[in-house]
Structure formats: C-alpha cells, structure tokens
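This report is meant for a reader who is meeting the structure for the first time. It moves from one chain as a whole to a pair of helices, then to charged pairs and a few individual residues.

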Amino acid sequence: MTRKVYVYRSFERFWHWLQAILIIFLAFTGFEIHGGYSFFGFEEAVAYHNIAAYLFITLIVFAIFWHFTTGEWKQYLPTYKNLTAQMRYYLWGIFNDAPHPTKKTVLRKLNPMQKLTYFGLKVLVIPIMVSSGILYILYRYPQRHEIRYLNIDSLEIIAIIHTIAAFFLVSFVIVHLYLITTGETLTSNLKAMFTGYEELEDDDYGNKNLEEKK
Amino acid sequence: MKKIIGSLGVLILVIIVAVGTLTTKNYEETVLDKLRDSFGEKHIPSVDHSKFARLQKEFHSPNEVTAECIECHNKRHEEVMHSNHWNWEREEYIEGRGIVSIGKKNAMNNFCIGTQGNEKSCAKCHIGYGMDEKGFSFTDANNIDCLVCHDNTETYAKAPNAGGEPLATLNFNKIAENVGKPKRSNCGVCHFFGGGGDNVKHGDLSSLMFEPSSDIDVHMAIDGMDLQCVDCHTTEQHIIAGKMYSLSSMNHNRIFCEDCHTATPHEKEILNEHTLKVACQTCHIPIYAKEKSTKMTWDWSKAGKLKNGQPYHEEDSLGNHTYLSIKGSFTWDRNIKPEYQWFNGTASHYLEGDVIDDTTKALVMNELHGSYKDSESKIIPVKVHRAIQPFDPVNKILIQPKLYSDNKGEGAFWQDFNWQTASKEGMKDAGLPFSGNISFIHTEMNWPINHQVSSAINSVHCSECHTRENSRLAQLNDFYMPGRDYSKVVDFLGIWNIILAIVGIIIHGSLRIFAAKKLNNGVKNND
C-alpha cells in the first residue's frame with residue numbers, strides 16, 4: 001500500500017532549487033570567464049559570477065545550519081549496504097522493471113548511491129569549489145596600497161583546481177537531471193521536489209508514523 | 001534575450017545590491033573635479049618682459065640674448081648647466097654594470113644610431129649654441145639657448161646642421177620680449193620630431209600634439225583641459241620631472257598618472273585592484289600614433305642606393321618616407337596597438353663599445369627590466385622599434401658611422417654613401433676600434449608609451465586581454481590570467497567527462513525505452 005508522504009520540507013526544497021539555479025548560473029558564467037564562449041561579456045560574467053558565488057556561500061551556511069539542527073545530515077552518511085544492489089539495479093534491474101532495491105522513507109530518502117555521491121559532493125567537491133573560489137576572489141598579487149588580501153604569487157593552481165571541480169559539478173548536474181526520471185514513475189521524483197509530497201510505500205517504522213505526527 | 005537571462009539570474013541580488021547602494025549618498029567632489037579646478041586656472045606671468053629696456057637693444061647673436069637673460073636671472077644658468085638637456089648625459093646606476101655616465105653622448109639607438117661625429121646636425125635639438133664634432137664648451141653660459149624653451153611667440157626656430165644656432169632671420173627683440181613658461185610648442189619642436197621627422201621615434205608624440213583634439217589626447221586637448229607639457233613634467237631648478245627609458249636606467253624622477261589621479265581612481269574595485277600589476281597607460285592608451293604615423297622598422301642595410309648618381313626618396317600614400325638613400329628603407333604604422341612588457345622602472349642600455357654576446361638574435365638596445373614575480377613591476381605599453389643596423393662582426397660592436405658633414409670627401413655617409421669610410425671615420429670620432437668589416441644586425445628598441453591617453457570610455461576592454469584568441473597580453477606568459485589561460489589536460493578530460501556522461505545517458509535512456517516497449521509487448525502477448 002502507498003501513501004502520500006511529506007518527504008521534502010520547505011527549506012529543503014528552497015535550498016535545493018536555489019542551489020540548482022546558482023550552480024547552473026555559476027557554471028554558465030564561470031565557463032564564460034574560463035574562455036571559449038562569450039555571452040555576458042567577460043566583465044559582466046565576472047561581476048555576476050562573484051555575486052552568485054557570495055549568494056551560494058550564504059545559502060551553504062544556511063543549509064549547513066539546517067542539516068545539523070534537523071539531524072538531516074545523517075541521511076548523507078554513506079553505506080556499503082545495498083550499494084552493489086543499487087548499481088545492479090541501474091545496470092540491469094531498471095530494464096526489467098525490477099523493484100528499487102531500497103525502500104525510500106522519510107528517514108532514508110537517499111539510496112546508497114545517492115548517499116555516496118552527495119556525501120562526496122558535500123565533503124569534497126563543494127568544499128574544494130568554495131575554498132578555491134574564495135581564494136580566487138581574495139587572490140591579490142602583490143599586496144600593496146590599501147588593498148590587503150591574500151598574497152599568493154600564482155593564481156594558476158587555484159584556477160585549475162576550481163576548473164576541475166567545475167567540470168565535476170557540471171557532469172554531476174547532467175547525470176542528476178537524467179536520474180530524476182528513474183523514480184517510481186518518470187516524474188515522481190521531480191514532483192516530490194516541487195511539492196514536497198511523494199507516494200511512498202508503507203513500511204514498519206517510517207512513513208506511517210511521520211504521516212500521523214504531521 | 002541576453003538582458004532577460006542576465007537579470008533573471010541576478011534578480012535577487014539586484015534587490016540586495018539596490019538596498020545597499022540606494023542608501024543616502026552625499027555628493028563628494030571627486031579627484032577629477034579637483035584636478036579640473038586646479039588645472040583650469042591659467043598661469044599668469046609675474047613680469048612683462050616687453051617692458052625691460054635691456055631687451056629692446058639690438059641683438060647681433062642669440063648669445064647676446066642669453067647674456068641679458070643671465071643679467072637678471074643670475075643663478076638660473078647654473079641650474080641649466082646641471083641639467084640633462086644641457087649635458088646630454090647623467091650618472092645612472094645600471095644593474096650589472098654599476099654607475100655609468102649615460103646620455104646622447106654615448107648611448108646608441110636604432111634610428112640615426114648616435115650623435116658622435118654628427119654633432120653639428122644633432123645639435124639642432126640641443127639647448128645650446130655652437131656644438132660640432134670638435135666639441136662644445138659646456139662651461140660657457142652664453143652658449144645656453146634660453147629661447148628654444150622659453151619663446152612664447154612660436155617663431156623661434158633652430159637652423160638645420162648649424163650646431164644648434166637659430167635661423168638668422170629671427171627677430172630676437174620680439175622673441176626676448178615675449179618669453180615665458182614653456183608651452184607645448186617649445187617642447188614639441190624637438191620632442192615631436194626625434195629621429196629626424198614627425199613622430200618618428202616616440203610614436204605617442206607627434207605634431208598633432210601641438211594642438212591635439214580630445215580624441216588624440218584627453219589631457220592636452222585644446223577642446224579640453226589644454227594641459228601643457230610642463231603641467232605634468234613639473235620643473236624645479238630646471239630639472240624636469242619624467243624621462244624616457246631610451247636613455248634612462250634608474251627608477252627615480254619619474255612621473256606617474258597616480259601622482260594626480262591616485263592609485264585607486266576607479267569606481268569599480270576590481271579595476272583598482274588591477275593597478276597593482278597593470279600601469280594606467282596599458283588600459284588607457286589603447287592605440288598610439290593616432291592619425292600620424294610613426295616609424296616601426298628601419299633597415300640601414302638598404303641605404304646608399306643612388307639614381308643617376310643622386311640620392312633619392314620614396315613615399316607611401318600618407319607621405320611617409322619609405323626609402324631614403326641616406327638612411328635606408330622604413331615601414332610606418334599608425335593607430336597601433338602597443339606591445340606589452342613588464343617594467344619595474346629600471347633598464348639597461350647598449351652603450352658605445354659594448355661587445356654583443358650573441359649576434360644571431362636581435363640585440364635589445366634598451367632592455368626594460370621586470371617580470372610578474374617582481375612586485376615592483378607593472379605591465380606597460382611599449383612601442384618596439386626594430387631595425388637592421390651596421391656592426392663590426394670581428395669586434396662584435398655596433399658601428400657608429402659618421403653620417404653628417406658639410407662637405408663631400410670627409411667620409412660622411414650622407415655625402416659619400418660609402419659604409420667603409422663612414423664607419424672608419426665614425427668609429428675614429430667615437431674612439432672605438434674598427435676591424436674594417438661591416439655586417440648588419442637586427443636590433444630592437446623599447447619606447448614606453450605614456451601620451452595620447454584616450455577618454456575612459458575608449459579604454460581597453462576586459463575582454464581584449466582576458467581572451468584566448470588574440471589577447472593583447474599574449475606575449476606575457478609568466479603568469480596565469482583568467483580568460484586567456486587554461487590547462488589543456490584539464491579542459492580535455494573535463495569536456496570528455498561531460499561528453500561521456502551524455503553519451504551514457506543516451507544509451508541508458510534508449511535501453512530503458514527499448515526495454516519498456518518490450519515489457520509492454522510481453523504483457524500484451526501474455527494477455
């Protein structure tokens with residue numbers, strides 16, 4: 001039996017969508033700065049990129065606060081349990097209409113591959129992106145006059161690390177957009193992220209209780 | 001479309017920024033306003049020289065005028081005689097060679113090469129009278145040419161090949177009665193014509209600078225602030241601020257835009273940050289040699305061709321000499337994008353008699369020092385003048401030929417068109433060895449560009465440097481610049497990562513569609 005369950009809370013959805021917009025906008029302006037195409041023009045691209053970067057950092061601060069106060073951070077702890085089963089599902093089961101190997105519940109909304117991927121994003125890619133970005137923004141060489149920031153003598157390593165992380169994020173976004181369609185139905189995941197509600201199967205300890213609490 | 005997406009992307013930010021910036025702001029007089037006020041006041045002379053009886057007497061020579069000047073200004077001649085304009089040399093410290101005396105006396109260039117042996121002709125631009133190859137009395141104050149700098153009638157002119165003497169036809173009384181603070185015309189008669197013609201040498205100083213429009217130069221524009229040379233090249237005791245690194249080596253007595261405009265004149269902080277590494281001129285002089293051409297190359301090896309035994313010249317469509325029998329062949333250009341170099345304010349010079357280490361590559365006559373890693377260095381715009389000029393392949397030194405003499409048969413190239421005798425005589429005058437062999441070597445000379453500043457809206461755009469293709473700074477490769485530089489490996493792997501992700505999605509998605517159809521069919525069949 002399935003039941004309509006409130007899976008994604010309002011801040012979570014706001015965080016997700018603003019983050020999505022910002023990452024896409026940062027990627028678009030960032031790769032214009034990187035070179036290869038011209039849309040806003042270099043000067044404007046830099047200005048927009050910087051503003052979006054500060055917004056993104058602000059959002060991350062709020063998101064971190066939210067994750068810890070709600071305990072949601074535990075959702076992202078990676079687990080090897082069912083990891084290979086999840087991989088097998090994407091490589092085989094999905095073509096045979098097999099059931100998802102893990103049940104989605106409010107307390108376990110991420111499958112093992114999601115946990116691993118998002119954990120990697122949260123502790124590796126995003127921190128690298130943000131810290132290299134902050135160094136990029138604060139980078140000054142040399143330090144003189146009234147301008148006192150970081151005195152780093154080459155931007156090269158910072159810029160290249162920032163670029164590598166950017167390529168990872170863009171690849172992630174592309175694959176992520178595709179995997180949205182692999183829920184119970186093609187659009188169930190997408191709808192859930194808009195409305196917060198998703199049809200989930202009843203289970204012994206999760207959905208029912210929460211539904212009642214609400 | 002651009003605007004819509006752009007504003008959508010930063011919609012929220014705009015509100016935040018708006019709140020921040022729309023807070024009450026008091027009008028503050030900007031640096032530029034203050035400068036306009038202070039330079040808008042015109043100089044009023046303290047005396048009227050036409051009232052002095054001593055200047056109304058009959059003058060038989062310019063030296064007599066000088067004597068009258070010194071009678072009243074009885075210490076000024078000593079200042080003049082300590083100046084570079086008078087001595088044509090000064091003591092400079094050059095990295096790697098110590099303190100040397102350097103100036104037009106002993107430095108060489110790749111235009112008319114050097115003054116030695118050619119003084120009578122070169123002295124047209126010396127602030128003295130009576131200089132020739134036999135020498136010059138640097139201690140005789142009556143030889144000072146006060147008028148070339150202080151004539152305000154714009155009639156004073158020096159005679160060609162006369163050792164610095166003025167034209168005989170001048171009205172010295174009128175000139176002496178109308179002396180004053182030097183104007184653009186006083187400086188320009190020499191400095192706009194260096195190298196033997198209009199804008200030949202500097203590139204950013206042409207005859208258009210006598211009365212420039214604001215398109216040519218925002219500072220000196222007659223329809224603008226109408227600044228005179230000496231407004232920036234301020235002078236104390238006849239020592240003039242600012243110098244050109246064709247002859248200077250040390251980082252002192254320079255003039256900077258920042259002296260007036262401050263180091264952080266831009267509203268946008270990101271532009272102010274650029275001033276740490278980028279000189280003002282780099283962005284604010286997008287092109288030089290505006291309208292009037294400047295000489296870009298000079299090939300001495302072609303000199304000496306005659307038609308019917310006579311020297312001749314050829315011109316391009318703009319009237320620039322492309323060939324002169326006395327000087328060789330040239331190329332010219334105008335409205336030029338400068339080349340760019342790192343510069344920390346010091347330079348080294350090829351001086352007469354210096355042995356050339358490597359004669360296979362171009363000899364840089366005045367190397368500008370600097371690099372990205374050097375915290376004193378900034379990127380500056382430079383005119384690079386490239387030449388092919390005579391050198392002695394045995395002694396490995398540049399040849400100082402004798403170019404000018406009054407008469408044929410004295411060995412001067414401009415009379416006899418013979419490299420052998422011109423080199424022999426020239427090297428003798430310079431006191432240098434000459435093996436008798438003459439070859440030609442490529443040389444380069446760097447001329448920092450400082451004038452012909454464009455208005456702010458016409459300055460160099462970000463994307464002219466921060467671009468992968470045809471960056472203005474393509475030659476400066478000792479640092480990483482966003483927009484221009486990238487790691488080829490990272491870009492290759494990154495792009496393939498994206499492509500493979502998309503290909504994987506297409507394959508996976510197709511298989512799902514295929515499998516779904518098959519399953520549906522299976523269901524139907526089962527029915």
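## Chain A as a whole

Among the contacts in chain A that have a separation of 6 or more, 66% are made by residues 24 or more positions apart. This figure, like every other value below, belongs to a predicted model. Chain A contains seven helices and four strands, and their order along the sequence follows the pattern β-α-α-α-α-β-β-α-α-β-α. Of its 214 residues, 45% count as buried, while the area that chain A exposes comes to about 11800 Å², with carbon and sulfur atoms supplying 67% of it.

## Two packed helices in chain A

Two packed helices are described by the angle between their axes and the distance between the axes. For helix 4 of chain A, which spans residues 112–138, and helix 5 of chain A, which spans residues 156–179, the axes come within 9 Å and cross at roughly 140°. The crossing of helix 4 and helix 5 of chain A is left-handed. On the side of helix 4 of chain A, the residues that make the contact include Leu121(A), Val125(A), Ile128(A), Met129(A) and Tyr136(A), and on the side of helix 5 of chain A they include Ile161(A), His162(A), Ala165(A), Phe168(A) and Phe172(A). Sorted by class, the contact holds 16 nonpolar and five polar residues, and no charged residues.

## Salt bridges

Side chains of opposite charge can pair when their charged atoms come close. Over all chains, the structure holds 28 salt bridges, and three of the pairs in chain B are set out in the table, each with the distance from N to O.

| Pair | N to O distance | Relative accessible area |
|---|---|---|
| Arg54(B) and Glu68(B) | 2.7 Å | Arg54(B) 35%; Glu68(B) 11% |
| Glu79(B) and Arg76(B) | 2.7 Å | Glu79(B) 13%; Arg76(B) 41% |
| Glu464(B) and Arg472(B) | 2.8 Å | Glu464(B) 24%; Arg472(B) 11% |

The salt bridge between Arg54(B) and Glu68(B) links distant parts of the chain, for Arg54(B) lies in the loop between helix 3 (31–40) and helix 4 (62–72) of chain B, and Glu68(B), 14 residues apart from it in sequence, lies in helix 4 of chain B. Arg54(B) is partly exposed, whereas Glu68(B) counts as buried because its relative accessibility of 11% is under 20%.

Glu79(B) and Arg76(B) are arranged in another way: both lie in helix 5 of chain B (residues 76–80), three residues apart, which is about one turn of the helix. Here Glu79(B) is the buried partner, and Arg76(B) is partly exposed.

In the pair formed by Glu464(B) and Arg472(B), Glu464(B) is partly exposed and Arg472(B) is buried. Elsewhere, in chain A, salt bridges that share partners join Arg9(A), Glu12(A), Glu72(A) and Lys109(A) into one network.

## Loops and a helix of chain B

Which sign does the phi angle of Asn199(B) have, in a residue that is not a glycine? Phi of Asn199(B) is positive, at about 60°, and Asn199(B) sits in the loop between helix 10 (184–191) and helix 11 (229–232) of chain B, where its relative accessibility of 1% makes it count as buried. Gln452(B), likewise a residue other than glycine, has a positive phi near 60°. Gln452(B) is found in the loop between strand 15 (439–448) and helix 17 (462–465) of chain B, and it is buried, with a relative accessible area of 0%.

A further loop of chain B, between strand 4 (239–240) and helix 12 (258–261), holds Phe256(B), which is partly exposed with a relative accessible area of 35%. Phe256(B) and Gly242(B) are 14 residues apart in sequence, and their C-alpha atoms are 8.5 Å apart in space.

In helix 10 of chain B, the buried residues are Arg184(B), Ser185(B), Asn186(B), Gly188(B) and Cys190(B). The buried residues of helix 10 of chain B pack against helix 8 (147–150) and helix 11 of chain B.

Technical notes
Residues are numbered from 1 along each chain as its sequence is written. Chains are lettered from A and ligands numbered from 1 in the order in which they are written. This is a predicted model: local features need pLDDT of at least 70, side-chain atom pairs count only at pLDDT 80 or more; totals for chains, interfaces and linings use all residues. Side-chain values use heavy atoms; hydrogens and water are left out. Axes are lines fitted to C-alpha atoms, for helices over the stretch in contact, and angles run from 0 to 180 degrees between N-to-C directions. A crossing is left-handed if the near helix is turned anticlockwise from the far one by less than a right angle, and right-handed if clockwise. Contact means heavy atoms within 4.5 Å. Ala, Val, Leu, Ile, Met, Phe, Trp, Tyr, Cys and Pro count as nonpolar, Asp, Glu, Lys and Arg as charged, and the others, Gly among them, as polar. A salt bridge is a side-chain nitrogen of Lys or Arg within 4 Å of a carboxyl oxygen of Asp or Glu. Buried means under 20% relative accessible area, exposed over 50%, partly exposed in between (1.4 Å probe, protein chains only). Accessible areas come from the Shrake-Rupley method with a 1.4 Å probe; for residues, only the protein chains shown count as cover.
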